[in-house]
Amino acid sequence: MNETLLEVNNLKKFYSSKSTLFKSVNEQVKAVDGVTFSIKKGDIFGLVGESGSGKSTLGKTILRLHNKTSGDVFFKGKNVFKLSKKELIHYRLQSQLVFQDPFSSLNPRIRIGEAIGEAMIQHKLASRTNVRDQVLSIMEKCGLSPYHIDRYPHEFSGGQRQRIVIARAMALNPEFVVTDEPVSALDVSIQAQIINLFSELQEKENLSYLFISHDLSVVEHLCNKVAIMYLGNIVEQASRDELFKNPLHPYTKALLSAIPIPDPTIKREKIILKGEIPSPITPPSGCKFRTRCPIAQKKCADIPPDYKDVGSNHFVACHFV
Ligand code: ADP
Ligand code: MG
């Protein structure tokens with residue numbers, strides 16, 4: 001159970017933004033700027049941060065949908081940037097991506113059953129004769145009814161479409177799933193159902209997830225570990241219980257303070273962050289969070305804080321912790 005599945009070492013991914021009519025210099029967008037963490041088998045690892053913090057880029061680079069700039073990613077001990085062609089195909093089966101907008105990832109002219117079964121046949125995980133039964137069984141696991149098999153994507157609600165996309169990923173029998181904002185476009189009541197589905201599938205299929213969300217409250221009930229990302233770096237990481245009980249980084253504290261508490265007798269002071277996330281082309285010197293940090297001092301502009309272990313697998317990058 002404690003086997004390491006994924007290891008990310010000082011991973012960087014910069015985009016180069018080419019010169020345009022209005023801009024003559026080549027600039028680098030430091031979307032992922034040195035990220036280190038690992039995921040153990042069975043983990044549901046939550047990755048949280050505001051829009052623009054680099055979460056999607058990190059997820060896609062791990063899955064090798066993007067090339068890296070530097071650093072390494074190991075999946076089951078193998079460097080994913082050094083896989084042979086055949087190994088890469090296998091890696092792409094073992095690790096699946098589910099993202100926010102299920103409508104754009106489903107072909108409107110293809111029936112649900114075919115959408116789910118297509119890749120199974122292509123990768124020889126099913127034959128033409130037994131694919132229908134296998135698709136029905138996966139649909140059932142994902143909370144879809146048998147009669148849905150011959151319907152088209154537009155006949156479904158947003159929540160059901162997300163179930164279809166999840167079923168399509170599950171059909172390839174993955175070990176690891178990156179879910180990028182999978183519930184952000186859904187109503188709150190539907191969000192809970194899809195989160196329950198992820199949780200059920202994790203137990204039944206022995207899956208591990210990298211669960212990406214801009215909303216800390218979404219990961220609270222699903223994930224066993226949580227990392228907080230800001231402008232290309234992880235600034236804090238801990239077990240879910242530890243992070244919610246004992247948040248240490250000022251950014252984590254601000255994100256937590258924005259979650260409403262259902263009990264009206266408990267008051268939590270809301271920390272409002274100044275301004276917006278800075279551009280990853282010209283990030284602030286020293287600690288990148290300092291321009292919005294309520295406790296920043298001169299030192300923060302001069303020296304980037306170390307990412308240090310404060311005990312019980314709790315890591316944080318702040319000079320004042
Ligand atoms: P998140 O998923 O946390 O919102 P992203 O990974 O999408 O963050 O983006 C991180 C940063 O990288 C943003 O500033 C974004 O504008 C930039 N970015 C993302 N994709 C590209 C791209 N293809 N080319 C240039 N910049 C990009
Ligand atoms: Mg994103």
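These are my notebook entries on a predicted model of a single structure.

**Entry 1: overall form**

I began with the secondary structure of the chain, which comes to 10 helices and 12 strands. I then looked up the radius of gyration, which is 21 Å for the chain. The globule rule gives 20 Å for 321 residues, and the two values are close, so the chain is as compact as a globular protein of that length. I also recorded the box that the C-alpha atoms fill: along the principal axes it is roughly 70 × 55 × 45 Å.

**Entry 2: a sheet and its helix**

I next asked in which order the strands of the open sheet of four strands lie. The order is E2-E1-E4-E5, and the pairing is antiparallel. I noted that strand E2 (27-40) and strand E5 (78-79) are the edge strands, since each pairs on one side only.

I then turned to the pairing of strand E1 (residues 4-17) with strand E4 (residues 70-75). These two strands run antiparallel, and five bridges join them. As an example I looked up Asn9, whose bridge partner in E4 is Asp72. I found that helix H1 (residues 55-62) packs on this sheet, where it touches E1, E2 and E4. The direction of H1 makes about 120° with that of E1.

**Entry 3: the largest pocket**

I looked up the volume of the largest pocket and wrote down about 330 Å³. Which residues lie nearest the centre of this pocket? They are Asn233, Ile234, Val235, Pro305 and Ala317, out of 17 residues that line the pocket. Two elements, E2 and strand E10 (233-239), give two or more residues to the lining. E2 thus appears again in my notes, having been listed above as an edge strand of the sheet. By class, I recorded 10 nonpolar, six polar and one charged residues in the pocket lining.

**Entry 4: the cavity**

I then asked how many cavities of 30 Å³ or more the structure holds. It holds one. The space in the largest cavity is about 60 Å³. I listed the residues that line this cavity, among them the cysteines Cys287, Cys293, Cys300 and Cys318. The lining also includes His249, Pro250, Phe289, Arg290, Ala296, His319 and Phe320. Sorted by class, the cavity lining has eight nonpolar, two polar and one charged residues.

Technical notes: Residues numbered from 1 in each chain as written. Chains lettered and ligands numbered in written order. Predicted model: local features only at pLDDT ≥ 70, side-chain atom pairs only at ≥ 80, totals over all residues. Heavy atoms only, no water. Pairing = 2+ DSSP bridges. Contact = heavy atoms within 4.5 Å. Axes fitted to C-alpha atoms, helices over the stretch in contact; angles between N-to-C directions. 1 Å grid on protein atoms, 1.4 Å probe; cavity = no way out; pocket = protein on both sides within 12 Å on 5 of 7 lines; lining within 4 Å. Points joined across faces, edges and corners; volume = space filled by probe spheres on them. Nonpolar A, V, L, I, M, F, W, Y, C, P; charged D, E, K, R; others polar. Rg over C-alpha atoms; globule rule 2.2 N^0.38 Å.
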